[in-house]
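Subject: A structure to look through, with notes

Dear colleague,

I am handing over a structure that I have been reading through, and my notes follow it. Please keep the sequence and the 3D view open side by side while you read.

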Amino acid sequence: MLANERQKQIKELVLSRKTLKISELSKKFKVSDMTIHRDIKAMVESGFIVKTFGGISLANQDTNVSNGNECVVCHKSINLRFSCRLILTKNRVETVCCMHCGFIRNQMLGNEVLEILCYDFFTNTTISAMNANFVMDTTLDLGCCQPQFLPFNQGEHAQGFVRGFSGNVVTFTEAMEKVARQREKSKGCC
């Protein structure tokens, strides 16, 4: 089957089912997961679908994102390298500019959040924020919200970053607690 035929069928499937797993699509079409990722790339870039943890979902026009380039918490422009996506119930996805805003939005939405995806600061691969290690209080200033939290999938990568740029390594839970305390003191985002 040619790529454009596969892409057409993927589009029809996602329209009818709303959410699909990459592994399910690769089995159906008897191609690799990487081939499916290449097939869906244009659909993701156009905003027709969004990537989720292990799959794709039909983009929901009812999300709180006013446009794809603005954080739903602080309304700053989004740099995809530092952004994170909150995967929510009812096939909704929200994008925020950084992990700091991700923690705030997670607190605001509570049980509606199914997963938080971010980019490993070292490898720039998508990881689950809920299992990540975060470096905070580093001398490196990315010019986004404060305090900044840099996500790392590997604890040893986070520790190595701290050796070079100072800071502290915290877990997802510890970072959430720090942001909650900061918000109580300042009554704002950053």
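In what follows, helices and strands are runs assigned by DSSP, with at least four residues for a helix and at least two for a strand, and they are numbered from the N terminus. With that naming, P147 lies in the loop between β8 (133-136) and β9, and the peptide bond that leads from Q146 to P147 is cis, with omega near -5°. A second loop to look at is the one between β4 and β5, where K90 is found; K90 has a positive phi of about 60° although it is not a glycine. These two places are worth noting because most residues other than glycine have a negative phi, and most peptide bonds are trans.

Before going further, please keep in mind that this is a predicted model. The mean pLDDT of the chain is 88, and 93% of its residues reach 70 or more. Among the elements of the chain, strand β9 (residues 150-152) has the highest mean pLDDT, 98, while β2 has the lowest, 82. Over residues 61-67 pLDDT stays under 50, and for that stretch the model has 10 contacts beyond four places in sequence.

Now to the sheets. As a reminder, strands of a sheet pair through backbone hydrogen bonds, either parallel or antiparallel. One open sheet has four strands in the order β5-β4-β6-β7, and its pairing is antiparallel. Its edge strands are β5 and β7 (126-128), each of which pairs on one side only, and the twist from one strand to the next averages 25°. Within this sheet, β4 and β5 pair in the antiparallel sense over five bridges, and L88 stands opposite R92 in β5.

Another open sheet is formed by three strands in the order β9-β8-β10, again with antiparallel pairing. Here the edge strands are β9 and β10 (168-171), each pairing on one side only, and the twist averages 35° from one strand to the next. The pairing of β8 with β10 is antiparallel and runs over four bridges, and the bridge partner of V135 in β10 is V169. Two helices go with these strands. Helix α5 (residues 155-165) lies across β8, β9 and β10, running at about 10° to β8, whereas helix α6 (residues 172-186) packs on the sheet by touching β8 and β10, with a direction that makes about 100° with that of β10.

There is also a hairpin to find, made by β2 and β3 with two residues between the strands. Strand β2 (residues 49-52) and β3 pair in the antiparallel sense over four bridges, and I49 stands opposite L58 in β3. In this hairpin G54 takes a positive phi near 85°.

The last topic is empty space. Rolling a probe the size of a water molecule over the atoms shows where empty space is left. How many cavities of 30 Å³ or more does the count give? The count comes to one cavity of that size, and the largest cavity has a volume of about 130 Å³. Of the 16 residues that line the largest cavity, F82, C98, L142, F149 and L150 are the closest to its centre, and the elements that give two or more residues to its lining are α4 (99-109), β6 and β9. By class, that lining divides into 12 nonpolar residues, three polar and one charged.

The second largest pocket, which is open, has a volume of about 190 Å³. It is lined by 17 residues, of which T19, T52, F53, S57 and I87 lie nearest its centre. At least two residues of this lining come from each of β1 (19-21), β3 (55-58), β4 (84-88), β5 (92-96) and β6 (113-119), and β1 gives the most, with three residues. The lining of this pocket has six nonpolar, seven polar and four charged residues.

With best wishes

Terms used:
Residues numbered from 1 in each chain as written. Predicted model: local features only at pLDDT ≥ 70, side-chain atom pairs only at ≥ 80, totals over all residues. Heavy atoms only, no water. 1 Å grid on protein atoms, 1.4 Å probe; cavity = no way out; pocket = protein on both sides within 12 Å on 5 of 7 lines; lining within 4 Å. Points joined across faces, edges and corners; volume = space filled by probe spheres on them. Nonpolar A, V, L, I, M, F, W, Y, C, P; charged D, E, K, R; others polar. Pairing = 2+ DSSP bridges. pLDDT = per-residue confidence, 0-100. Contact = heavy atoms within 4.5 Å. Axes fitted to C-alpha atoms, helices over the stretch in contact; angles between N-to-C directions.
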